[in-house]
Amino acid sequence: MAVREKKRNLSIFRLVNNWLHLWLGLISGIIVFIICLMACLWVFNYEIIDLMIPKKERQYILASSKSLISPSKITSIADSLYPNTVVGGITYTRDYPVSFTIQKQNKDGDRKRSKHEIHLLHPYTGAYLGLQKEDSSEEAQLREKLNSFFAWTLSGHRFLWLPRDVGRPIVNYATLIFSITLITGLVWWYPKKWTKSVRDKSFKIKWKAGWKRVNLDLHNVVGFYSFLLVLLLAVTGMYYGITWLNKALYWSTNWGTSLPERTSVSSDTTKTAYLTQFPAVFDKEIQSILTQYKDPHYLTITYPDKDKKEGAISVYIRNDMDRQFNNRYYSFDQYTGAFLPNSISLFNKDYEELSAGEKFRRLNYDIHVGSIWGFPSKVLAFFLTFIAGSMPITGFIIWYNRKWGKKKGRNKKSKDTNRDVQNIAGDALEIKPPVRFRPKSTNM
């Protein structure tokens, strides 16, 4: 009766809000739980791998040094080792030899990029170190197992282990529904009157109470305190998967400027005569990039297939394996080596050149995975994700207890009452004969 009276006193807005919170939470709950559980397992993947696999001494240091072997020198070495082939890509990696791949020519005359054969060179002397082969050591096997496990958790987090085209929309729109339940939950939490008892219930967890009350407080109180940060994680997660949300966020954070369309860049096919100058020009461009970024994690150069006459050279530099906001993507003309401005990638400019809204867009990934401030923010992201995953569970328990828990309690109470009544009735029906007392005889 008390619950019905309470519902009657609610406005239509509150009734609709509470109904949405309940059923949207039930619909998306199991998916949100899986997404958050997999995120908790994945978030410390780099730290776990580094902890379990000892680091080797630094043999090679990728830095802004003029002594680093140049791209033209690498292509020259590759040509001497493998005549009539073309270099497909070059990668400079921190603490690792320089690697390159080649494009092999098949019987039909078509060139095919060799992805499995990776050739290694000393980054300073240019000495050929052979092919990168699979390592069968215990360390390599452990690394492979850890990488496979974290790849599995990431697949569950992003696609629920389903095909990408199927799993990605399910995850994104379940997250959107969860974001709506966060807002409706805040409305449900907000009381009509701020009395002292209401403040205590709204902001404090009563640990000494029964488990049902503690569960209710964990859902309401912890949900309130973590509301903004959990919502931020949800929004940054949907940023990549929901196109209209991506455009809306860009528009709202860039003062009404629409998200520009990504356009491809092309090399100038009329300047093939500049090919003789290309090696020196392009070497200088790469040296300039390595001078600007000190000790990057890796820099990779991808050459276009030779049958693509208008194709451009792409250069991608990643400064930190754990963070992405300060990465950079470049395009260069394959004939002249000249820099080509592009909008192909999110990382087509230096971070300092971006507007406030564009900076937020670049920080999106680092915010979502918690790597924006390093390990401390990862710890925060772990706990926020754990809280988000617990919300569907605590909410389901609250709903279950309100739906059936009280009925069971009442049924048990009524059974106990009936049993007591039957016992009392039985005792009443058991009539014992009255005890008669005879007066003692007295002889006078």
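Colleague: In this predicted model, is Lys378 buried or exposed?
Modeller: The cut-off for buried is under 20% relative accessible area. Lys378 has 2% relative accessibility. Lys378 therefore counts as buried.

Colleague: Which residue does Lys378 meet in a salt bridge?
Modeller: Side chains of opposite charge can pair when their charged atoms come close. Here the N to O distance is 2.9 Å. The partner is also buried, with a relative accessible area of 19%. That partner is Asp322.

Colleague: How many residues apart in sequence are the parts this pair ties together?
Modeller: Lys378 lies in helix H13, residues 375-429. Asp322 sits in the loop between strand E7 (312-318) and strand E8 (328-333). So the pair ties together parts that lie apart in sequence by 56 residues.

Colleague: Which residue is linked with Asp322 and Lys378 in a network of salt bridges?
Modeller: The structure holds eight salt bridges. Asp322 and Lys378 belong to a network of them. The residue linked with these two is Glu47.

Colleague: Which residue forms a salt bridge with Asp350?
Modeller: Asp350 is buried at 12% relative accessibility. The closest N and O atoms of the pair are 2.9 Å apart. The partner is buried too, with a relative accessible area of 6%. Asp350 pairs with Arg328.

Colleague: Which helix gives the largest share of the nonpolar patch?
Modeller: The patch lies on the surface and includes Ile30, Phe33 and Phe149. Helix H2 (12-42) and helix H5 (138-159) each give two or more residues. The largest share is four residues, and the helix is H2.

Conventions. Residues are numbered from 1 along each chain as its sequence is written. This is a predicted model: local features need pLDDT of at least 70, side-chain atom pairs count only at pLDDT 80 or more; totals for chains, interfaces and linings use all residues. Side-chain values use heavy atoms; hydrogens and water are left out. Patches are made of residues with over 30% relative accessible area and no salt bridge: like charges are joined within 9 Å, nonpolar side chains (Val, Leu, Ile, Met, Phe, Trp, Tyr) within 5 Å. Accessible areas come from the Shrake-Rupley method with a 1.4 Å probe; for residues, only the protein chains shown count as cover. A salt bridge is a side-chain nitrogen of Lys or Arg within 4 Å of a carboxyl oxygen of Asp or Glu. Buried means under 20% relative accessible area, exposed over 50%, partly exposed in between (1.4 Å probe, protein chains only).
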